[in-house]
Amino acid sequence: QVQLVESGGGLVQAGGSLRLSCVASGSFFRISDMGWYRQAPGKQRELVAEITSGGTTNYADSVKDRFTISRDSAKRSVYLQMTSLKPDDTAVYYCAAEIILNIGFKRQYWGQGTQVTVAS
């Protein structure tokens, strides 16, 4: 069974930094795209950053120049380095991955989420 497990969330003061990690476990062929999403109370889930298997990245305008996404394919992991955090960044952050289970068969998986709270 494929699982994504996030870690690294917590409480931080505005202007501080946090690093989120997500690791995939289970049996599968390979991981395609990976990304981070977030959902604040009363708001829809939104894309924060994504990275392809080739390393191409894409960021939400609100986090450009503050957040950096990276991945380590050998470790089946994706990371989100967050700097200059703002109270508006407070949300539950979810890891997502498009996993190729077998040739021609892929599925989107989600982690359980990790809370990030930025105090003003």
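How much accessible surface does the protein chain have, and what share of it belongs to carbon and sulfur atoms? The accessible surface comes to about 6,500 Å², and 47% of that belongs to carbon and sulfur atoms. Keep in mind throughout that this is a predicted model.

**Whole chain**

Start with the protein chain in a cartoon view. Eleven strands and zero helices should appear. Followed from the N terminus, the elements read β-β-β-β-β-β-β-β-β-β-β. The radius of gyration is 14 Å, close to the 14 Å given by the globule rule for 120 residues, so the chain is as compact as a globular protein of that length.

Next, turn the view to the principal axes. Along them, the C-alpha atoms fill a box of roughly 50 × 25 × 25 Å.

Now colour the chain by burial. Of its 120 residues, 42% count as buried. Contacts can be shown in the same view: of those with a separation of 6 or more, 55% are between residues 24 or more positions apart.

For charges, select the 13 positive and 10 negative ones in the protein chain. The mean positions of the two groups lie 5 Å apart.

**Strand E3 and Ser21**

Select residues 18–25, which make up strand E3, and pick out Ser21 within that strand. Is Ser21 buried or exposed? Ser21 has a relative accessible area of 19%. Buried means under 20%, so Ser21 counts as buried.

Then display what surrounds Ser21. Leaving aside residues up to four places away in sequence, Ser21 touches Val5, Glu6 and Ser7, as well as Trp36, Val78 and Tyr79.

**The disulfide**

How many disulfides does a search of the whole structure find? The search finds one. To see this disulfide, select Cys22 and Cys95 and show their side chains; the two sulfur atoms are 2.1 Å apart. Where in the chain do the two cysteines of the pair sit? Cys22 belongs to strand E3, while Cys95 belongs to strand E9, which covers residues 91–102. The two are 73 residues apart, and the pair links distant parts of the chain.

With the side chains still shown, look along the S-S bond. The torsion about the bond between Cys22 and Cys95 is about -75°, and the disulfide is therefore left-handed. Finally, bring back the burial colouring on this pair: both Cys22 and Cys95 are buried.

**Last view**

To finish, show Ser21 of strand E3 together with the Cys22–Cys95 disulfide. Ser21 is buried, and so are the two cysteines.

Notes. Residues are numbered from 1 along each chain as its sequence is written. This is a predicted model: local features need pLDDT of at least 70, side-chain atom pairs count only at pLDDT 80 or more; totals for chains, interfaces and linings use all residues. Side-chain values use heavy atoms; hydrogens and water are left out. Helices (H or I, at least four residues) and strands (E, at least two) are DSSP runs, numbered from the N terminus. Buried means under 20% relative accessible area, exposed over 50%, partly exposed in between (1.4 Å probe, protein chains only). Contact means heavy atoms within 4.5 Å. A disulfide is a pair of cysteine sulfur atoms within 2.5 Å. The radius of gyration is taken over C-alpha atoms; the globule rule is 2.2 Å times the number of residues to the power 0.38. Accessible areas come from the Shrake-Rupley method with a 1.4 Å probe; for residues, only the protein chains shown count as cover. Lys and Arg count as positive and Asp and Glu as negative; His and the chain ends are not counted. The place of a charge is taken as NZ of Lys, CZ of Arg, CG of Asp or CD of Glu.
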